[in-house]
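This report describes the fold of one protein chain and selected features of its surface and helix packing. The sequence and structure are shown first.

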Amino acid sequence: MTIRSLRKPPPVKLVFPSLIILFLTCLFGILTNLQTISYLFRPLWDKPPPPFKRIPHYYAENVSMGHLCELHGWTPRSVPRQVFDAIIFSNEVDLLELRWRELEPYVSKFVILESNTTFTGIPKPLFFDSNKERFTFAEGKIVHGVFPGKKRSKGQPYEDPFLLEGQQRVAMNRLLREAGISDGDAVIMSDADEIPSPHTVKFLQWCDGIPNVMHLEMREYMYSFEFPVDYSSWRASVHIYSRKWTQYRHSRQTDLILSDAGWHCSFCFRRLNEFVFKMKGYSHADRVKRKEFLDYQRIQKHICKGYDLFDMLPERYSFKELISKIGPIPPSASAVHLPAFLIQNAARFRFLLPGGCLREP
């Protein structure tokens with residue numbers, strides 16, 4: 001005989017109305033934002049670029065450069081190659097100091113170009129020029145140029161910000177020549193927040209046989225090193241300079257990429273007003289869809305929670321990747337394998353480390 005339980009079955013939760021509300025909320029958000037629609041259905045209308053051919057990256061402390069060069073299939077040099085670090089600069093003063101302190105022993109010239117307007121035509125101070133006292137440790141290596149920007153007339157629509165950005169990158173070619181670059185020297189092409197690791201730059205100094213052009217795979221972070229995203233950052237590149245062929249760019253130029261070659265810390269600012277400045281002035285300023293996006297309280301909340309500042313969906317080419325990236329960035333408690341200058345000066349740069357999400361106004 002089978003004895004059946006006389007207990008009452010658990011009550012059924014009425015989740016259907018909640019699902020309807022969630023669906024309608026999402027639908028409203030999608031219909032009021034064409035960019036959201038585009039990103040949501042990107043896997044249907046866009047294809048990913050060809051995959052990179054990854055160059056394995058060998059490094060450990062206390063291993064000779066000669067041995068490391070050979071592990072990569074390169075040959076050691078008897079004298080170091082000159083290395084030029086070339087960046088277009090906006091307002092990332094803290095990250096610039098971190099970058100240059102980290103790379104100063106290995107870089108021959110720091111070539112920096114800044115403009116008196118943002119890419120969107122907003123007048124701006126020359127932030128590097130007004131903070132030069134922070135960079136006296138490298139003053140003998142600095143080549144600073146000023147690009148005359150184009151101010152947007154009051155009441156006029158924005159011109160294409162990518163056009164002005166492109167003009168500045170062309171101007172960098174002239175500044176590099178003024179800095180004394182020669183055929184066979186190495187040049188790093190990256191934004192200020194794309195920081196190559198020191199041992200990556202040492203390869204450029206001491207190894208022959210490295211590719212004439214290769215991208216640098218960087219671990220991407222958002223807001224600080226507390227919020228690691230993934231290894232999707234690839235736009236930074238290094239070139240063995242040729243006056244005839246080399247052009248300063250920030251786009252894909254080869255299929256070769258050196259694995260795990262640095263850090264890309266996006267929107268890693270000390271002050272909330274610096275976030276607002278970038279949001280209004282960089283090439284993607286069209287992402288500011290509503291005025292409240294620039295509200296300090298909202299920005300602060302998004303920084304500490306790992307939310308996207310523009311409430312955007314991830315840019316992914318498959319639904320699997322898209323779904324895996326939706327939501328806040330999980331925080332990390334690790335401060336291992338970060339720039340040495342950052343750890344040595346942790347009190348000064350607390351806002352870049354785990355637990356330091358609160359920002360100054």
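## F41 and its surroundings

F41 lies in the loop that connects α2 (34-40) to α3. In this predicted model, F41 has a relative accessibility of 38% and is therefore classed as partly exposed, since that class spans the range between under 20% for buried and over 50% for exposed residues.

F41 also contributes to a nonpolar surface patch of about 650 Å², together with L44, W45, F319, I323 and I326. Two helices, α3 (42-45) and α10 (319-325), each provide at least two residues of this patch.

## Packing of α8 against α9

Helix α8 (residues 272-281) and helix α9 (residues 296-305) have axes that come within 10 Å of each other and cross at roughly 100°. The two helices are therefore roughly perpendicular, because crossing angles of 65 to 115 degrees fall in that class. On the α8 side, the contact involves L272, N273, F275, V276 and M279; on the α9 side, Y296, I299, Q300 and I303 take part.

## The chain as a whole

The secondary structure of the chain comprises 11 helices and 14 strands. Of the 361 residues, 47% are buried. Among contacts with a separation of 6 or more, 74% link residues 24 or more positions apart.

The accessible surface of the chain amounts to about 19,700 Å². Carbon and sulfur atoms account for 58% of that area.

How values were computed: Residues are numbered from 1 along each chain as its sequence is written. This is a predicted model: local features need pLDDT of at least 70, side-chain atom pairs count only at pLDDT 80 or more; totals for chains, interfaces and linings use all residues. Side-chain values use heavy atoms; hydrogens and water are left out. Patches are made of residues with over 30% relative accessible area and no salt bridge: like charges are joined within 9 Å, nonpolar side chains (Val, Leu, Ile, Met, Phe, Trp, Tyr) within 5 Å. Accessible areas come from the Shrake-Rupley method with a 1.4 Å probe; for residues, only the protein chains shown count as cover. A salt bridge is a side-chain nitrogen of Lys or Arg within 4 Å of a carboxyl oxygen of Asp or Glu. Helices (H or I, at least four residues) and strands (E, at least two) are DSSP runs, numbered from the N terminus. Buried means under 20% relative accessible area, exposed over 50%, partly exposed in between (1.4 Å probe, protein chains only). Contact means heavy atoms within 4.5 Å. Axes are lines fitted to C-alpha atoms, for helices over the stretch in contact, and angles run from 0 to 180 degrees between N-to-C directions. Angles under 35 degrees count as roughly parallel, over 145 as roughly antiparallel, 65 to 115 as roughly perpendicular and the rest as oblique.
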